[in-house]
Amino acid sequence: MVETAKLEPLTDGGLRTAELLSRALSKDPHHHEAQILLERLYQMFVPRWHFPMLADEGRNHAYAAAIRAKVRPGDVVLDIGCGAGLTAMLAARAGAKHVYTCEQQPLIAQAAVRVIEANGLADRITVIPKMSHNLIVGPDLPEQADVVISEIVDTLLLGEGALATLEHAMRHLAKPHARAIPERGTLMAQLVESDKLLSLWRPRSAEGFDLSEFHHFATVARITPSDFATCGLTPLGPASELFRFDFMRPDTNPQCTTEDLACSVGGTIHAVFVSFQMDLAPGIRLTNNLRSGGHWGRTAFLLENPMPSTPGDLLRITARHDASQFSLSARKGPAGPDATYSDGKDRTVIWMERA
């Protein structure tokens with residue numbers, strides 16, 4: 001069975017391969033190669049962030065409260081991005097007549113069916129192994145949804161295609177004036193200081209060797225929760241709003257804004273920290289800002305050269321998005337070139353301006 005599994009194409013999302021390897025392990029639980037292959041398969045098709053997300057009690061409580069507030073008895077609910085089925089089950093528990101939840105990864109969809117069955121909700125939740133863009137009212141959904149639930153955002157809200165996905169869902173799969181969870185999101189930026197962050201992403205030397213010529217690869221710091229706790233980012237000024245996103249009436253047009261980020265205390269500017277606020281329902285908010293906890297990663301755009309600052313200093317930045325990717329750019333000065341970076345591909349140059 002292991003040899004057969006190794007020859008199976010993965011065009012079905014790994015379903016047949018997982019079945020064969022699981023059968024092999026049921027016969028020999030200590031089969032080394034079957035164990036390794038099955039773990040590799042799971043890592044390939046089931047993103048590791050699912051597990052800390054499901055363990056994030058603050059996130060879970062917030063979604064549970066928002067769903068209680070917005071799902072009414074008799075509602076038809078569309079849940080986009082089923083995962084383990086948690087938000088679909090919360091909607092059923094809140095009184096939905098029926099929940100249709102879609103999941104594009106077949107292995108995850110299969111597991112969600114088992115989770116939902118184990119919790120006695122199979123008669124009220126239907127798992128559809130498709131992307132929401134491929135759903136059609138009639139063949140897939142018997143009627144348009146009263147409520148659309150999703151959590152398909154990354155640390156900058158855009159990276160999982162949330163705006164385009166929700167624009168399609170609210171237009172084609174939901175009733176006019178349908179409710180949505182989350183309702184809106186906001187991206188914020190502020191100046192931060194952190195020697196430890198810079199040492200982590202741009203170590204100056206190792207064993208006496210100068211590493212500075214490698215630093216240009218590190219322009220965007222993707223900060224894990226553990227690194228966030230270790231690095232101790234210190235705010236040098238207040239957060240300024242960059243963009244607002246309406247998830248009930250999504251706009252997928254590109255946007256651009258220029259902001260002057262203020263320093264209210266003295267220090268050294270190491271990075272521009274960008275965070276989100278996501279309003280699930282009135283009074284219920286999730287965030288990955290400097291004061292928050294939970295499973296969320298963070299994003300910091302590193303300055304090419306750290307800059308000393310005093311209260312009243314301004315840092316002028318330009319932020320852009322195309323509804324799926326976010327970038328930040330700035331001018332070095334009148335004689336310097338313009339430069340942009342997006343997802344770490346290009347370089348950052350920042351212009352310091354005295355207030």
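A residue is called buried under 20% relative accessible area, exposed over 50%, and partly exposed in between. The exercises below apply this and related criteria to a predicted model.

**Exercise 1.** Decide which class of exposure R320 belongs to, and place the residue in its strand.

*Solution.* Begin with the relative accessibility of R320, which is 34%, so that the residue counts as partly exposed. Next, locate R320 along the chain, where it belongs to strand β16, residues 314-321. Finally, consider T258, which is 62 residues away from R320 along the chain, while the C-alpha atoms of these two residues are separated by 8.9 Å.

**Exercise 2.** Work out whether S240 is buried or exposed, and list what it touches when residues up to four places away in sequence are not counted.

*Solution.* The relative accessibility of S240 is 16%, and because buried means under 20%, this serine counts as buried. S240 is found in strand β11, which covers residues 240-246. With residues up to four places away in sequence set aside, S240 touches L187, M188, A189, D260 and L261.

**Exercise 3.** Classify the ring geometry of the pairs F214–F217 and F243–F245.

*Solution.* A search of the whole structure finds five aromatic pairs. One of them joins F214 and F217, whose ring centres lie 5.0 Å apart with 65° between the planes, an arrangement that is edge-to-face. Both F214 and F217 are exposed. For F243 and F245, the ring centres are 6.3 Å apart and the planes stand at 35°, so this pair is tilted. As for burial, F243 has 4% relative accessibility and counts as buried, and F245, at 4%, also counts as buried. F243 and F245 form one aromatic cluster together with F301 and F326.

**Exercise 4.** Identify the arginines that lie over the faces of Y63 and F228.

*Solution.* Over the face of Y63 lies R59, at 5.5 Å from the ring centre. Over the face of F228 lies R298, at 3.9 Å from the ring centre.

**Exercise 5.** Describe the largest nonpolar core and a second core that is separate from it.

*Solution.* The largest nonpolar core has 79 residues, among which L187, V272, M278 and F326 touch the most other members. Strand β13, residues 267-281, supplies the largest share of this core, namely seven residues. A second, separate core consists of 13 residues, including I223, F228, L290 and L302. As background, nonpolar side chains in soluble globular proteins tend to be buried together.

Methods. Residues numbered from 1 in each chain as written. Predicted model: local features only at pLDDT ≥ 70, side-chain atom pairs only at ≥ 80, totals over all residues. Heavy atoms only, no water. Phe/Tyr/Trp six-rings, centres within 6.5 Å; stacked < 30°, edge-to-face > 60°. Buried < 20%, exposed > 50% of the residue type's maximum accessible area, 1.4 Å probe, protein only. Lys NZ or Arg CZ within 6 Å of the ring centre and 35° of its normal. Core = buried A, V, L, I, M, F, W, Y, C linked by side-chain atoms within 4.5 Å. Helix = DSSP H or I, 4+ residues; strand = E, 2+ residues; numbered from the N terminus. Contact = heavy atoms within 4.5 Å.
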